[in-house]
Amino acid sequence: MDRLRAARPPYSDLIAGALLWGMQMLAAAMLGLYLRNGLETSRLAELATLYFLGGLLAWPFALPAARFLAYGKPPEARFAAFFVMLIAATIAMTAFLFAMEYRLFYSRWHAPFGSFVWAFQFVFTSISAVYQFLVIGLRLFLPLGLVCLVVSSYHLAKRMR
């Protein structure tokens, strides 16, 4: 029961942390994009929104899960819990948002909602979008995203006793 109580962070940590993590992921993506092509893309605003929201929406899932896993553990294990949960949640949420945007674009050519063919198209369009994000989109988190991940994980592990 103590572990469950410890997993519930204060609302201020959820809100401020989500905003800060979203801004860090936005900065990481923009730096990654700048290093690769000097920010020359017609979709800069959409990419900025995607990476910001990916970080913003991942935080409320990652923080309680990491706090749950880190409860009562030594500092190295707490660091690992925050590191793994932040990276997994951020990648998963950003990939999910990318897949939903991808799906929205291709929906005009898909079968009517609720049909068997629609379900098949929904699943495979989403899978291909996640794959495309993993191959192309993950690179935008580097190099700054890795630095943010290490620093944030260290800070969170140190704060939690």
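**View 1. Gln24, a buried residue of helix H2 in this predicted model****.** Gln24 counts as buried because its relative accessible area is 16%, and the cut-off for buried is under 20%. Gln24 is part of helix H2. Which residues does Gln24 contact, once neighbours within four places in sequence are left aside? They are Cys148 and Ser152. Both of these contact residues are buried in H6. H2 is also listed among the helices that cover the buried residues of H6.

**View 2. Helix H6 and its buried face****.** H6 runs over residues 144-159 and holds 16 residues. From first C-alpha to last, H6 reaches 22 Å, close to the 22 Å expected at 1.5 Å a residue. Which residues of H6 are buried? They are Gly145, Cys148, Leu149, Ser152, Ser153, Leu156 and Ala157. Look down the axis of H6: these buried residues fall within an arc of 150°, so they line one face of the helix. The cover over them includes helix H2 (11-37), helix H3 (44-70) and helix H4 (75-106).

**View 3. Helix H4 and what covers it****.** How far apart are the end C-alpha atoms of H4? The distance is 46 Å. That agrees with expectation, because 32 residues at 1.5 Å a residue should span 46 Å. Buried residues in H4 include Arg78, Ala81, Phe82, Leu86 and Ala89. Thr90, Met93, Thr94, Ala95, Ala99 and Arg103 are buried in H4 as well. H2, H3, helix H5 (116-137) and H6 are among the elements that cover the buried residues of H4.

**View 4. Leu50 of helix H3 and its contacts****.** Leu50 sits in helix H3. Is Leu50 buried or exposed? Leu50 counts as buried because its relative accessibility is 13%. Leaving out residues up to four places away in sequence, Leu50 touches Thr94, Leu97 and Phe98. Take Leu50 and Thr94. In sequence they are 44 residues apart. In space, their C-alpha atoms are 6.7 Å apart. Thr94 is one of the buried residues of H4.

**View 5. A salt bridge from H2 to H6****.** Side chains of opposite charge can pair when their charged atoms come close. Here, Asp13 and Arg159 form a salt bridge through their side chains, with N to O at 2.9 Å. Asp13 belongs to helix H2 and Arg159 to helix H6, so this pair ties together parts that are 146 residues apart in sequence. Asp13 is buried, because its relative accessible area is 19% and buried means under 20%.

**View 6. Two further salt bridges****.** How many salt bridges does a search of the whole structure find? The search finds three. One joins Asp2 and Arg5, whose closest N and O atoms are 2.9 Å apart. Both residues lie in helix H1 (residues 2-7). They are three residues apart, about one turn of the helix. Asp2 is partly exposed at 45% relative accessibility. Arg5 is exposed, with a relative accessible area of 55%. Another salt bridge joins the side chains of Arg43 and Glu46, at 3.7 Å from N to O. Glu46 is partly exposed, at 45% relative accessibility.

**View 7. A nonpolar patch on the surface****.** Which residues make this patch? They are Tyr11, Ile15, Leu19, Leu20 and Met23. The patch covers about 540 Å². Leu19 is placed in helix H2. At 41% relative accessibility, Leu19 counts as partly exposed. H2 itself has 27 residues. From first C-alpha to last, H2 reaches 38 Å, close to the 39 Å expected at 1.5 Å a residue.

**View 8. Backbone details at Gly38, Leu39 and Pro143****.** Most residues other than glycine have a negative phi, and most peptide bonds are trans. Gly38 comes just after H2 and takes a positive phi of about 65°. Leu39 is not a glycine, yet its phi is positive too, near 65°. Leu39 lies in the loop between H2 and H3. At 31% relative accessibility, Leu39 is partly exposed. Where is Pro143? Pro143 is in the loop between H5 and H6. The peptide bond from Leu142 to Pro143 is cis, with omega near 5°.

Conventions
Residues numbered from 1 in each chain as written. Predicted model: local features only at pLDDT ≥ 70, side-chain atom pairs only at ≥ 80, totals over all residues. Heavy atoms only, no water. Helix = DSSP H or I, 4+ residues; strand = E, 2+ residues; numbered from the N terminus. Expected span 1.5 Å × (residues − 1). Buried < 20%, exposed > 50% of the residue type's maximum accessible area, 1.4 Å probe, protein only. Arc of directions from axis to C-beta. Contact = heavy atoms within 4.5 Å. Patch = residues over 30% accessible without salt bridge, like charges linked within 9 Å, V, L, I, M, F, W, Y side chains within 5 Å. Areas by Shrake-Rupley, 256 points an atom, 1.4 Å probe, with all protein chains shown as cover. Salt bridge = Lys/Arg side-chain N within 4 Å of Asp/Glu carboxyl O.
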